[in-house]
Amino acid sequence: MSAPDPGAEVVLRVEGVTAGYGGPPIIENVSIEVRRGKITAIVGPNGAGKSTLLKSIAGVIKVSAGHVYVLDRESTNLAPEKLVRMRLSYVPQVANTFPDLTVRENLDMGGYTLKRGVSERIDELCELFPDIKRSLKRKAGALSGGQRTMLAMARALMLQPAVMLLDEPSAGLSPIFQSALWEQIEKVASTGVGICVVEQNTRRSLRHADWGYVLVLGKNRLDGPAQELLHDEEVIDLYVGRMS
Ligand SMILES: Nc1ncnc2c1ncn2[C@@H]1O[C@H](COP(=O)(O)OP(=O)(O)O)[C@@H](O)[C@H]1O
Ligand SMILES: [Mg+2]
């Protein structure tokens, strides 16, 4: 894990974003930044609007106020396929792989807009994800939960995004698989990708993150270096717990 580096380039900037599902806004005036090569964790209680925030950045739901910038270019309310071209990739919590296709076919589909270099990119990702390398011929549906999450990440990396949004990547995984997954997330960040991860496991995600944002009732509550938040009394009492 690397120390927060305020000098690293901002690859994703969310400024005062308000969004929801047609009724009253679910997230309101939310601002975050994600930096190159860093892990930014969004934590907060269930229902705080963490997934909604990712969906609003990824073009899945409409932003009704505020702005989103990817690599300093405005990306607010662009269609998901345009956002991919702007080098933003999004790994939703569910349905993030095609179960009837093999692992290699899933990766091929992730690289569908690449004119050439698909198999070279798959080779590179196999270096980064040894688990994927071993399973290229297997159906994605036959993978374990942890392997499937790795595949979803690898697929999202096919087009060499500058920013990767991950929604609850470790949900449902045993502690051992969670550790392996976080190691993998750190490896991906070290290749220069800015990662924005939403997690239910507050303690663990702050342990691995560089910067953390606490979201409560759809609003920014506090943010800071992840290691400091991990020791912040308010964060501990509300979201981490003193026991684990
Ligand atoms: N598709 C949807 N339609 C309407 N309301 C939704 C939808 N998805 C989530 N919500 C509501 O938005 C709020 C925040 O949900 P969500 O962003 O999933 O929170 P979190 O990811 O922090 O647990 C919840 O009150 C939830 O009921
Ligand atoms: Mg969620």
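**Note on the ligand 1 site, helices α1 and α7, and some backbone details**

1. In this predicted model, a polar atom in the side chain of S56 is 2.7 Å from the backbone oxygen of L53. S56 belongs to helix α1, which runs over residues 50-57, and with a relative accessible area of 2% S56 falls below the 20% limit, so it is counted as buried.

2. The burial of S56 fits the wider picture for this helix, since K50, T52, L53, L54, S56 and I57 are the buried residues of α1. Because six of its eight residues are buried, α1 is largely enclosed by the rest of the structure. Just after the helix, G59 adopts a positive phi of about 80 degrees.

3. K55 is likewise a residue of helix α1, but with a relative accessible area of 23% K55 is partly exposed. Although 112 residues separate K55 from D167 along the chain, their C-alpha atoms are 9.4 Å apart.

4. A second pairing concerns I57, one of the buried residues of α1, and V68, which is placed in strand β4, residues 63-70. V68 and I57 are eleven residues apart in sequence, and the distance between their C-alpha atoms is 6.7 Å. V68 is itself buried, at a relative accessibility of 1%.

5. Which residues surround ligand 1? The shell consists of Y21, I26, P45, N46, G47, A48, G49, K50, S51, T52 and K55. Sorted by class, this shell has four nonpolar, five polar and two charged residues. K50 and T52, both named in the shell, are also among the buried residues of α1, whereas K55, another shell member, is partly exposed.

6. Several polar atoms of the protein can be placed against ligand 1. A polar atom in the side chain of Y21 is 3.4 Å from a nitrogen atom of the ligand, while an N or O atom in the side chain of N46 lies 3.2 Å from an oxygen atom of ligand 1. For A48 it is a backbone N or O atom that is found 3.2 Å from an oxygen atom of the ligand. Of the 560 Å² of accessible area that ligand 1 has on its own, the protein covers 57%.

7. I26, also part of the shell around ligand 1, is located in the loop between β1 (10-19) and β2 (27-35). Its relative accessibility of 35% makes I26 partly exposed. A reader tracing the chain may wish to note that I26 and G7, 19 residues apart in sequence, have C-alpha atoms separated by 32 Å.

8. Helix α7 comprises 16 residues, 175-190, and at 1.5 Å a residue it should span 22 Å; the C-alpha atoms at its ends are 23 Å apart, which agrees with that expectation. Its buried residues are Q178, L181, W182, Q184, I185, V188 and A189. Because these residues cover an arc of only 160 degrees around the axis, they are on the same side of α7. The other side of the helix carries I176, E183 and S190, which are exposed. Just after α7, G192 has a positive phi of about 110 degrees.

9. Two further residues deserve a look for their backbone angles. Most residues other than glycine have a negative phi. N77, however, is a residue other than glycine with a positive phi, near 60 degrees; N77 is placed in the loop between β5 (73-74) and α2 (80-85). With a relative accessible area of 36%, N77 is partly exposed.

10. Is E168, the other such residue, buried or exposed? E168 is buried, with a relative accessible area of 8%, and E168 shows a positive phi of about 50 degrees although it is not a glycine. E168 is found in the loop between β7 (163-167) and α7.

Definitions and conventions. Residues are numbered from 1 along each chain as its sequence is written. Chains are lettered from A and ligands numbered from 1 in the order in which they are written. This is a predicted model: local features need pLDDT of at least 70, side-chain atom pairs count only at pLDDT 80 or more; totals for chains, interfaces and linings use all residues. Side-chain values use heavy atoms; hydrogens and water are left out. Helices (H or I, at least four residues) and strands (E, at least two) are DSSP runs, numbered from the N terminus. The expected span of a helix is 1.5 Å times one less than its number of residues. Buried means under 20% relative accessible area, exposed over 50%, partly exposed in between (1.4 Å probe, protein chains only). The arc is that of the directions from the helix axis to the C-beta atoms. A residue is near a molecule or strand if one of its heavy atoms lies within 4 Å of it. A polar contact is a pair of N or O atoms within 3.5 Å; within protein, one must be able to donate a hydrogen and the other to accept it, and residues adjacent in sequence count only if both atoms are side-chain atoms. Accessible areas come from the Shrake-Rupley method with a 1.4 Å probe; for residues, only the protein chains shown count as cover. Ala, Val, Leu, Ile, Met, Phe, Trp, Tyr, Cys and Pro count as nonpolar, Asp, Glu, Lys and Arg as charged, and the others, Gly among them, as polar.
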